[in-house]
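Thanks, everyone; I would like to take a few minutes on the cysteines and on some backbone angles. Please have the sequence and the model open while I talk.

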Amino acid sequence: MANTRIQVGDKAPSFKGVVEEDVIFDTSDLIGKKPFVLYFYPKDFTPGCTKEACQFRDSYEDFTEAGAEVIGVSSDSVKSHEKFKEKHRLPFILLSDLDGAIRKAYGVKSSLFGLLPGRETFVIDQNGIIQMQFNNLNASDHMKKALKIVKKLKD
């Protein structure tokens with residue numbers, strides 16, 4: 001079976017996802033306009049995922065100053081995302097990937113013996129090319145690595 005894993009230098013798969021009721025996000029709204037960070041995380045309200053989301057929140061201004069958008073993706077419902085965003089004052093997009101189609105398109109594997117959805121972060125430049133791919137269950141390094149690449153893209 002061919003390896004469909006996405007790698008640095010590949011064109012990022014395009015997709016649409018549900019942000020909130022009647023609001024659809026489409027990667028074509030960003031590609032050609034600005035870079036973006038796409039981070040996949042296991043579950044709203046869990047300690048590691050909350051820490052990661054709050055790190056992206058606390059550095060969100062740095063991302064926007066560098067001209068980039070941040071998008072979080074998990075299989076949680078739109079309703080769960082709305083509560084998670086509200087409780088932690090998250091200023092960025094959270095996409096509901098209930099059927100796992102976005103996760104599959106990016107080749108994000110499950111972790112911890114297949115028990116948890118994987119934690120993986122991609123930085124995609126404004127032309128839609130993957131500039132960084134980082135897969136690590138430890139939530140604390142994702143934001144720092146992504147911000148470093150986004151800042152390099154700006155220079």
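Let me begin with the disulfides, keeping in mind that what we are looking at is a predicted model: when the whole structure is searched, zero disulfides are found. Why is C49 not part of one? The cysteine sulfur closest to that of C49 belongs to C54, and because the two are 11 Å apart, they are too far from each other for a bond, given that a disulfide requires a pair of cysteine sulfur atoms within 2.5 Å. Taken from the side of C54, the closest cysteine sulfur is the one in C49, again at 11 Å and too far for a bond. As for their surroundings, C49 is buried, with a relative accessible area of 1%, and C54 is buried too, its relative accessible area being 13%.

Now to the backbone, where I would like to point out two residues. In F45, which is not a glycine, phi has a positive value, near 70°. Where does F45 lie? F45 sits in the loop that runs between β3 (36-40) and α1 (47-58), and with a relative accessibility of 39% it counts as partly exposed.

The other residue is R89, again not a glycine, whose phi is positive and near 50°. R89 belongs to the loop between α3 (78-88) and β5 (93-96). Is R89 buried or exposed? Its relative accessible area is 60%, so R89 counts as exposed, the cut-off for that term being over 50%.

Definitions and conventions:
Residues numbered from 1 in each chain as written. Predicted model: local features only at pLDDT ≥ 70, side-chain atom pairs only at ≥ 80, totals over all residues. Heavy atoms only, no water. Helix = DSSP H or I, 4+ residues; strand = E, 2+ residues; numbered from the N terminus. Buried < 20%, exposed > 50% of the residue type's maximum accessible area, 1.4 Å probe, protein only.
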